Amino acid sequence: MAARPPRVSIIGERAPIFWGACIAISLGVLAHLPMLAMAHHMHNRLAGMGMDPQMWAGMVLIVLGVPAAIYGALPRHRTTHDAHAGTSYEAPDTTPLGRWHVGVLAVLIIGLVIDVMKPATLGFVLPGMSAEYGISKTTVAWFPFCALVGTTIGSFVWGWIADAYGRRVSILLSTILFVSTSICGAMPLFQLNLIMCFLMGCSAGGMLPVVYTLLAEIMPPKHRSWVLVLVGGTGLVGGYLAASGAAHTFEPQFGWRVLWLQGFPTGILLLFLARLIPESPRFLAEQGRTAELAEMERKYGIVPRAREARPDDATVAVQRHGKLTAALVVTALSWSFINFGLLLWLPTDLQARGYSSALASGILAKSALVALPTIMAAAWLYARWSSKWTLVGTILLTLLGLAGALLPVRILASDVVIVTVIASLIVGTNGMIAVLLPYAAENYPLGIRGRATGLIAGSSKFGGVAVQAFALLGFIPTLAGGAAALLVPMLLSVGLVGYAGRETRGRSLRELEVGL
């Protein structure tokens with residue numbers, strides 16, 4: 001009878017501290033529920049009310065629990081590799097996808113859905129928040145501004161943590177912050193909501209790039225491309241659908257505050273499923289966690305693999321990564337301005353053109369239905385045709401939509417033309433974001449993969465920060481004005497990716513890391 005594999009901890013030697021801190025944080029969140037329950041009998045209003053002793057005690061538990069959880073999750077020593085470290089463990093190309101692969105894909109999709117739900121909920125809480133606090137639209141705009149600043153910063157911070165301490169550690173810590181910031185809905189003061197929303201953004205900003213990084217390192221090369229695009233895209237669409245579904249189900253009866261409380265049960269669920277999330281094998285080897293390495297081989301077929309020989313002129317690979325980074329950052333920035341600028345304010349612009357609010361909202365509402373088939377098509381093209389040219393193709397489709405927005409007003413007055421232009425923008429931008437981060441995760445060495453993907457992810461959110469800042473100053477973009485401003489950056493993106501990009505489809509990470 002075969003010996004049963006040894007049970008391994010998902011954290012390490014400080015696991016008791018980590019789980020004790022998780023319990024303290026959970027109790028702290030639960031201590032806020034009686035106040036919310038009482039508010040339900042007062043039309044779900046807490047504005048102007050003081051925090052009772054139970055809430056203060058809960059706040060103390062959370063404030064003490066978060067740093068304790070960080071201490072308990074981080075290993076005693078940072079990894080020993082440097083920024084030039086490469087992949088030394090990888091599954092052979094012939095490795096089939098098994099039940100353990102399916103399990104980790106399911107958990108990480110759930111993690112991405114939870115991650116996307118947080119910022120996606122912003123649009124649903126703003127009207128209720130504005131009405132309860134009696135504040136203007138300009139003042140309430142600080143709320144999404146703080147959230148987007150947080151997501152941008154979080155993308156950089158969690159990427160660095162993932163490179164320094166491990167991919168799974170970064171995912172677990174961002175989950176703990178999800179749970180902690182679920183008390184945002186119990187804050188009686190608008191200023192406290194801003195602080196909690198910033199922290200929520202920090203937690204939400206890091207999941208996406210780290211998930212792509214981890215998947216790139218544990219999936220067999222044959223399946224890596226389509227898995228990355230499909231998992232990321234499904235998580236994005238699922239997050240938006242979950243946020244809208246929760247708002248439709250709970251907000252009418254329980255008010256806007258209850259929408260933030262979703263982070264508590266969903267975050268706890270992700271913590272319980274964390275055992276199915278593996279760590280990148282290079283980190284396990286450097287930390288001497290041989291039992292977990294053996295489990296990685298048994299479950300995922302990952303074995304030690306010799307690194308590819310670096311070319312004599314190693315500086316060529318370094319220079320190529322620099323050019324590629326510039327190309328992907330410009331592309332991410334351009335996407336962020338279209339997504340958070342043109343598309344966010346599109347209903348307002350359409351109504352100014354004379355369209356009804358129902359038609360204006362309906363066009364964007366259908367974008368969620370368009371997104372999923374777009375992502376599936378992008379995954380198929382990315383895996384079967386070309387990763388590089390699929391990205392270029394989505395940029396060109398978005399560029400076509402921008403060019404269409406500059407057509408004369410009399411032509412755009414046609415319903416068929418305006419819907420075609422908007423559809424090009426929606427399909428193109430959905431395809432771009434579905435492909436962009438997986439492509440980034442495949443292109444960088446292990447030692448900097450987390451922070452490089454985090455840089456691209458942060459750049460894809462920076463446009464939201466800038467657009468919200470302009471909105472606070474009273475500058476609202478129009479379809480034609482925004483398209484004219486973004487035409488050149490998108491043209492630059494096409495040229496840079498076409499020049500500096502390279503094909504990653506079906507290639508080993510070890511081969512890609514040396515710039516072959």
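**Figure 1. The buried residues of helix H13 in the predicted model.** In this predicted model, helix H13 runs through residues 290-300, and within it Glu292, Leu293, Glu295, Met296 and Tyr300 are buried. When the helix is seen down its axis, these buried residues fall within an arc of 160°, so they line one face of H13. In general, an α-helix has 3.6 residues a turn, so residues three or four places apart point the same way. The cover over the buried residues of H13 includes strand S1 (89-90) together with helices H4 (99-120), H8 (167-180), H9 (190-218) and H12 (281-286). Just after H13 comes Gly301, which takes a positive phi of about 70°.

**Figure 2. Helix H21 and its kink.** Helix H21 covers residues 449-472, and at 1.5 Å a residue its 24 residues should span 34 Å, which agrees with the 35 Å that separates its end C-alpha atoms. A kink of about 30° is nevertheless present in H21, and this kink is centred on Ser460. The helix is mostly covered by its surroundings, since 19 of its 24 residues are buried. Gly474 follows H21, and the phi of this glycine is positive, near 95°.

**Figure 3. The largest nonpolar core and one of its members, Leu402.** The largest nonpolar core holds 142 residues, of which Phe143, Leu215, Leu328 and Leu402 touch the most other members. Helix H9 gives the most to this core, with 16 residues. If residues up to four places away in sequence are left out, Leu402 touches Ile338, Leu342, Leu425, Ala483, Leu486, Leu487 and Met490.

**Figure 4. The surroundings of Ser334.** Ser334 lies in helix H14, which is made of residues 315-343. The relative accessibility of Ser334 is 3%, and because buried means under 20%, this serine counts as buried. Leaving aside residues up to four places away in sequence, Ser334 touches Leu486, Pro489, Met490 and Ser493. Two of these names, Leu486 and Met490, also appear among the residues that Leu402 touches, which lets the reader connect this view with the previous one.

**Figure 5. An exposed leucine and a buried asparagine.** Leu64 is found in helix H3 (residues 53-73), and with a relative accessible area of 57% this leucine is exposed. The C-alpha atoms of Leu64 and Ala21 are separated by 8.0 Å, although the two residues are 43 residues apart along the chain. Asn430, in turn, is found in helix H20 (residues 415-443), and with a relative accessible area of 19% this asparagine is buried. Asn430 and Ile375 are 55 residues apart in sequence, while from C-alpha to C-alpha they are 7.0 Å apart in space.

**Figure 6. The whole chain, as a setting for the close-up views.** The chain has 23 helices and 2 strands, and buried residues make up 56% of its 516 residues. Among contacts between residues at least 6 apart in sequence, 87% join residues that are at least 24 apart. The chain exposes about 20800 Å², and carbon and sulfur atoms supply 70% of that area.

How values were computed. Residues are numbered from 1 along each chain as its sequence is written. This is a predicted model: local features need pLDDT of at least 70, side-chain atom pairs count only at pLDDT 80 or more; totals for chains, interfaces and linings use all residues. Side-chain values use heavy atoms; hydrogens and water are left out. Buried means under 20% relative accessible area, exposed over 50%, partly exposed in between (1.4 Å probe, protein chains only). Helices (H or I, at least four residues) and strands (E, at least two) are DSSP runs, numbered from the N terminus. The arc is that of the directions from the helix axis to the C-beta atoms. Contact means heavy atoms within 4.5 Å. Accessible areas come from the Shrake-Rupley method with a 1.4 Å probe; for residues, only the protein chains shown count as cover. The expected span of a helix is 1.5 Å times one less than its number of residues. The bend at a residue is the angle between axes fitted to the seven residues ending there and the seven starting there. A nonpolar core is a set of buried Ala, Val, Leu, Ile, Met, Phe, Trp, Tyr and Cys residues joined through side-chain atoms within 4.5 Å.
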